[in-house]
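Colleague: Could you walk me through this model and explain the labels as we go? I would like to hear the reasoning behind each term.

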Amino acid sequence: MASFAAPRLHVIGAGLAGSALATLMAQDGVSVTLYDSGESFASRWTRGMKTAPEDHKVAEPEIFYDPEDLVRHFFAQWPEIPRKLIRPAHAVIGLKHPGRSPAIIDLDHGIAAALIVRRPTIFARLFTAWNLWFSRYASEDKRVRQHVRIAADTIENQQAPTATYHQDALATLGEVLFSMPAHNCSASLLGRVLLPTWREMQRHNASHAFAAIDPIILNDIALPAMRDHFIAAGGDIISGMELGDIDSTADFATDLFFGDEQIEVRPQDAVVLALHPRPLCDAVPDIGMPPAPAHRRTFVFQASKSFAEPCCVLADDDLVRAIYCNRRHIQVSMNSSLILPSDGTADQLAATIWQRVTELCDQHLNLDLSQRTKIESNGECPAFSYVDCEAPFPELSPGVAALRHRLAPPWRNLFLCGDAFPPDYPPGPAAVIASVRTVRAQLHEYMKLRDL
């Protein structure tokens, strides 16, 4: 048991990042207290879960880029968590270009390799590789692609500027998989994600580069199992604690204020903020992370027949950004600039979306949705749920998003976890786990030094 004088860890924020870090540190023998304003050990990026009128759960799966399999390896350390929590996700991107046939790119074994190998000649491949590599050094003011507006009354896309295949791919991936609208993504951010090193252009991943996480298993089994391990390791949980302010000296955070309650922090103690940018800015105004609101808009159509595995088609389309086929549902993520017409209804928009979905699935996936769905009489689309929820990761300004890994907390005993992740990871579950691993090592080094 740790002594009274031993370093203590205060983790504020009990989403996936805070809960994972607290559990690992408690198992390492550190005295840990986990604070959260709401329910601890709850996933903050599965808020798309809804209940249909038939009491049938529908949940938007989180499909993310994880070529190193970080998320699966993390959860695999607890045998009671089902292996099917993390499953490979087949990803096909269909890109349109004026005067050319659609480009179909298989992303199973990595983004950069797929974009380079599909070019017909060695010179074209070298040119594409150079463009991708050069983008990591681009100005933070350079966007992936110009913002495309959609008229609210006509739901028609304005003429988009001409772009190359790999530029279209970056725009689509930036919006769908990285939870950032394409017009806000800096080319530098995506360049570092796609090509961290020259070796990445030649590496062939044996496993799928994309994975799908099941939000129902995560919330009902995985996170409760982590909570049990945290408590068994001696960790403390205090709920209903919303961080208001942090008092400090020039070098150390000294007090945490939760409403009327004050928690003393000694120099040998460590504080971890596992918060999203908005509450993080409120707690530490000088951190320099100005967030912006972000939403995820999705239609979930019910299918009458199951799909073999999670799969997705990413399409550069005026209405649809991604189509996920998972279990007995078809999740359609829409363009971030698409809004419901002021004089229309969700039913009217659903009919338009469904028409485009059937066309895209037939074109890019060779999938006839009419054989898997049931449309009621006098209906234009299957039964659906319209999900309009907070996005998993709030948007940041493009420059800050590209440089967020360089943000330094103002005090020696303060650490950031979750949204301050290594530069070679896009926002998502893999970035969260990578951040947890990095902060865990930093905490052990700090506490070791303070014990000397």
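Modeller: Gladly, and keep in mind that this is a predicted model. Let's start with a sheet of 3 strands, open and antiparallel, in the order S5-S9-S6.

Colleague: Why are S5 and S6 said to stand at the edges?

Modeller: Strand S5 (62-65) and strand S6 (86-88) each have a single partner strand, so one side of each is left without a neighbour in the sheet. Neighbouring strands here are turned by 35° against each other on average, direction ignored.

Colleague: How do you know that S6 and S9 pair?

Modeller: Two strands pair if DSSP finds at least two bridges between them. S6 is joined to strand S9 (residues 210-213) by 3 bridges, so the criterion is met. The two strands run antiparallel, and Arg 87 stands opposite Ala 212 in S9.

Colleague: On to the rings. What makes the pair of Phe 299 and Tyr 386 tilted?

Modeller: The structure holds 11 aromatic pairs. For Phe 299 and Tyr 386, the ring centres are 4.8 Å apart, and the planes meet at 35°. Centres must lie within 6.5 Å for a pair, and planes under 30 degrees apart would count as stacked, over 60 as edge-to-face. An angle of 35° falls in neither class, so the pair is tilted.

Colleague: Why do you say that this pair ties together separate parts of the sequence?

Modeller: Phe 299 lies in strand S16 (residues 295-302) and Tyr 386 in strand S20 (residues 384-390), so the pair ties together parts that are 87 residues apart in sequence.

Colleague: Which of these two rings is buried, and which is partly exposed?

Modeller: Phe 299 has a relative accessible area of 0%, and buried means under 20%, so the label buried fits Phe 299. Tyr 386 is at 24%; this value lies between the 20% and 50% limits, so Tyr 386 counts as partly exposed.

Modeller: There is also a tilted pair of Phe 301 and Phe 384, with 6.2 Å centre to centre and 50° between the planes. This pair links distant parts of the chain, with Phe 301 in strand S16 and Phe 384 in strand S20, 83 residues apart. Phe 301 is buried at 0%, while Phe 384, at 22%, counts as partly exposed.

Colleague: What makes these rings a cluster?

Modeller: Ring pairs link Phe 299, Phe 301, Trp 354, Phe 384 and Tyr 386.

Colleague: What about the backbone: what stands out in Asp 69?

Modeller: Asp 69 has a positive phi of about 60° although it is not a glycine. Asp 69 is found in the loop between S5 and helix H2 (70-75). With 15% relative accessibility, Asp 69 is under the 20% limit and therefore counts as buried.

Colleague: And why is Asn 366 called exposed?

Modeller: The relative accessible area of Asn 366 is 70%, which is over 50%, so Asn 366 is exposed. Asn 366 lies in the loop between helix H9 (346-364) and S20, and its phi is near 50°, a positive value in a residue other than glycine.

Colleague: Last one: how many disulfides are there?

Modeller: A search of the whole structure finds 0; a disulfide would need a pair of cysteine sulfur atoms within 2.5 Å. As for cysteines, Cys 381 is buried at 14% relative accessible area, and Cys 417 counts as buried at 1%.

Key: Residues numbered from 1 in each chain as written. Predicted model: local features only at pLDDT ≥ 70, side-chain atom pairs only at ≥ 80, totals over all residues. Heavy atoms only, no water. Buried < 20%, exposed > 50% of the residue type's maximum accessible area, 1.4 Å probe, protein only. Phe/Tyr/Trp six-rings, centres within 6.5 Å; stacked < 30°, edge-to-face > 60°. Helix = DSSP H or I, 4+ residues; strand = E, 2+ residues; numbered from the N terminus. Axes fitted to C-alpha atoms, helices over the stretch in contact; angles between N-to-C directions.
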